[in-house]
Amino acid sequence: MTTRPTAPNVVVHVPDNDRLEAITRNVLNLRVALGSKATIEVVTHGPGLDLLLPSTDTAIHAGLEGLQAAGIRLVGCRNTLDSRGLSDAAVPPGVRVVPSGVAHLVHRQQDGYTYLRP
Amino acid sequence: MTTRPTAPNVVVHVPDNDRLEAITRNVLNLRVALGSKATIEVVTHGPGLDLLLPSTDTAIHAGLEGLQAAGIRLVGCRNTLDSRGLSDAAVPPGVRVVPSGVAHLVHRQQDGYTYLRP
Amino acid sequence: MTTRPTAPNVVVHVPDNDRLEAITRNVLNLRVALGSKATIEVVTHGPGLDLLLPSTDTAIHAGLEGLQAAGIRLVGCRNTLDSRGLSDAAVPPGVRVVPSGVAHLVHRQQDGYTYLRP
């Protein structure tokens with residue numbers, strides 16, 4: 001068994017919008033279990049981008065604020081923004097926009113992040 | 001190409017309950033294809049915990065017995081049990097309960113397990 | 001931070017058929033973002049095999065042709081073909097058939113491929 005680093009880096013893949021409340025809960029539970037030193041990044045694209053948009057419903061919006069308060073990094077996909085006719089300004093302050101969500105997920109894993117797709 | 005170890009360790013992520021029969025079949029096929037020396041662990045949380053609960057339908061229950069007979073390790077999430085008002089005793093004998101299913105999936109990958117999310 | 005290889009190898013897991021158009025788009029965007037030297041392999045099994053079958057709808061068929069034109073490797077699962085009473089000849093030329101889709105996904109990761117489950 002490999003010795004585990006004390007503070008893992010985790011990337012969470014959110015490509016769809018049908019389970020956003022459950023996924024938000026999963027990520028907050030992960031923060032509690034892994035501790036504040038772990039880096040947890042949520043990468044959204046396609047319908048999953050709804051997690052980051054202000055127009056979504058109250059529960060999702062509260063979830064987004066909870067994620068930010070817990071120090072979860074949030075990432076949106078510019079390909080998806082473009083396909084909806086939106087600019088980078090459509091996502092809240094503090095959310096990072098990357099050119100391609102799927103490519104970013106590959107790069108993060110190449111950088112040693114552990115992948116989860118809840 | 002890396003040389004493959006003869007007996008891989010695999011962790012299978014089950015966060016939802018909409019495809020439990022298909023996932024059970026996938027895991028049993030994986031057992032046949034990888035052989036009896038491979039370690040295969042199924043980690044359930046959220047609605048995915050239904051795979052392990054005795055109250056689910058006949059096909060799921062038969063699937064659970066089939067997984068146990070095939071030497072598949074089964075893991076449930078205590079966060080999920082708590083949220084349903086259940087204790088560890090709600091899952092059948094032989095099923096392991098971990099504090100957080102999602103954190104366990106991170107730890108397993110840090111230990112070298114290969115991740116699948118069927 | 002690990003230095004990233006210039007041409008990553010990526011394996012894309014498609015176990016279901018409910019989002020085939022979105023997944024096709026994801027994979028084509030990944031090709032553009034990672035460049036022509038990256039190896040991208042799409043592994044289908046269960047209902048996900050529909051991506052590779054000629055009988056599926058027009059949009060899916062166009063997607064399949066687009067993936068092949070973009071140099072994406074396509075893989076189908078013989079367990080799934082068998083369960084539908086189909087032979088290897090049911091998938092188009094250029095598609096590889098492996099004995100078990102899920103086992104192939106494990107082997108690819110053991111060989112260093114990065115896993116995505118869009």
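Two residues are said to be in contact when they have heavy atoms within 4.5 Å of each other. In this predicted model, 16 residues of chain B are in contact with 17 residues of chain A. Residues are numbered from 1 along each chain as its sequence is written, and chains are lettered from A in the order in which they are written. Local features need pLDDT of at least 70, side-chain atom pairs count only at pLDDT 80 or more, totals for chains, interfaces and linings use all residues, and side-chain values use heavy atoms, with hydrogens and water left out.

The interface of chain B and chain A may be described first by its area. Buried area is the accessible area (1.4 Å probe) that two parts lose on being put together, summed over both. Between chain B and chain A it is about 1500 Å², with carbon and sulfur atoms giving 59%. Val106(B), Gln110(B) and Asp111(B) supply 35% of the area that chain B buries against chain A, more than any other three residues.

One salt bridge (a side-chain nitrogen of Lys or Arg within 4 Å of a carboxyl oxygen of Asp or Glu) is counted between chain B and chain A. It joins the side chains of Asp16(B) and Arg19(A), at 3.3 Å from N to O. Helix α4 of chain B (residues 101-110) contributes seven residues, the largest share of the side of chain B that touches chain A; helices here are DSSP runs (H or I, at least four residues), as strands are (E, at least two), numbered from the N terminus.

Chain C also touches chain A: 17 residues of chain C are in contact with 16 residues of chain A. Here the salt bridge is formed by the side chains of Asp16(A) and Arg19(C), at 3.3 Å from N to O. On the side of chain C that touches chain A, α1 (20-34) and β5 (114-116) each supply at least two residues, and α1(C) gives the most, with five residues.

The arrangement of the copies follows from superposition by least squares on the C-alpha atoms of residues with pLDDT of at least 70 in both. A turn of 120° and a shift of 0.0 Å along the axis lay chain C on chain A with an RMSD of 0.0 Å. The two copies are thus related as by a three-fold rotation axis. Arg117(C) is the residue of chain C that comes closest to this axis, its C-alpha lying at 4.0 Å. Only 12% of the interface residues of chain C are also interface residues in chain A, so the copies meet through different surfaces.
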